[in-house]
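Student: Before I accept the labels used for a model, I want to see what each one rests on. Can we go through them one by one?

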Amino acid sequence: MQLRPFVVRSRHVPLAAVLLFVLAALTTTAVRAHAVVKLESFDDSTLKPHQAASVSLQFNTTIHVPFSQCYLLDAAGKETLLATRPGDGQHRLIVDLPALAPGAHALRYRVLAADGHYTDNAFRFRIRAEP
Ligand SMILES: [Cu+2]
């Protein structure tokens, strides 16, 4: 069968085109990324037990603060909405933490980025007991 290899190859051309399109789309997304917290910007070592504090979350891109929320998560999965406000620059969100007991806690953020995507994510932090 002489035709068979030719037919198979011609089917591969549109597939390659689709793959190139997907790659191009992914590359564009990487340039105007959705918002992710730069974890190195969040320092929980300064948080004191049983003391309210404001913390600053630095994102990798411009965020729309009025359309963004931050929640405190407890180990039972209960969420408490926290007060937020813009920080310095358009990548920063200031979050008011209530007085917390020593131990592990988590923050969940739902943030609208400049590219129009919502990011819903969470990270853990720790309140150390006073020595
Ligand atoms: Cu995005």
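Tutor: What follows takes the labels in turn and sets each against its definition.
This is a predicted model, in which local features need pLDDT of at least 70 and side-chain atom pairs count only at pLDDT 80 or more, while totals for chains, interfaces and linings use all residues. Residues are numbered from 1 along each chain as its sequence is written.

Student: Why is Ala 129 called exposed?

Tutor: A residue is exposed if 12 or fewer other C-beta atoms lie within 10 Å of its own, buried if 20 or more do, and partly exposed in between, with C-beta atoms placed from the backbone. Ala 129 has 9 other C-beta atoms within 10 Å, so Ala 129 is exposed. Ala 129 lies in the segment after β7 (118–127); strands are DSSP runs (E, at least two residues), numbered from the N terminus.

Student: Which residues does Ala 129 touch, leaving out those up to four places away in sequence?

Tutor: Ala 129 touches Pro 49 and Pro 102, where contact means C-beta atoms, placed from the backbone, within 7 Å. The C-alpha atoms of Ala 129 and Pro 102 are separated by 5.2 Å, although the two residues are 27 apart along the chain.

Student: What makes a set of residues a nonpolar core?

Tutor: The members must be buried Ala, Val, Leu, Ile, Met, Phe, Trp, Tyr or Cys residues joined through C-beta atoms within 7 Å. The largest such core here has 14 residues, and Leu 57, Phe 59, Ile 63, Val 95, Tyr 109 and Val 111 touch the most other members. At least two core residues come from each of β1 (53–58), β2 (63–73), β5 (92–97) and β6 (103–113), and β6 gives the most, with four.

Student: How do you know that β2 pairs with β6?

Tutor: Two strands pair if DSSP finds at least two bridges between them. β2 and β6 have seven, in the antiparallel sense, and Arg 110 in β6 is the bridge partner of Gln 69. β2 also pairs with β3 (residues 79–82), again antiparallel, over four bridges; Leu 81 in β3 is the bridge partner of Tyr 71.

Student: Why are β1 and β4 said to stand at the edges?

Tutor: Three strands form an open antiparallel sheet in the order β1-β5-β4. β1 and β4 (84–86) each have a single partner strand, so one side of each is left without a neighbour in the sheet. β1 is joined to β5 by six antiparallel bridges, and Val 55 stands opposite Val 95 in β5.

Technical notes. Two residues are in contact if their C-beta atoms, placed from the backbone, lie within 7 Å.
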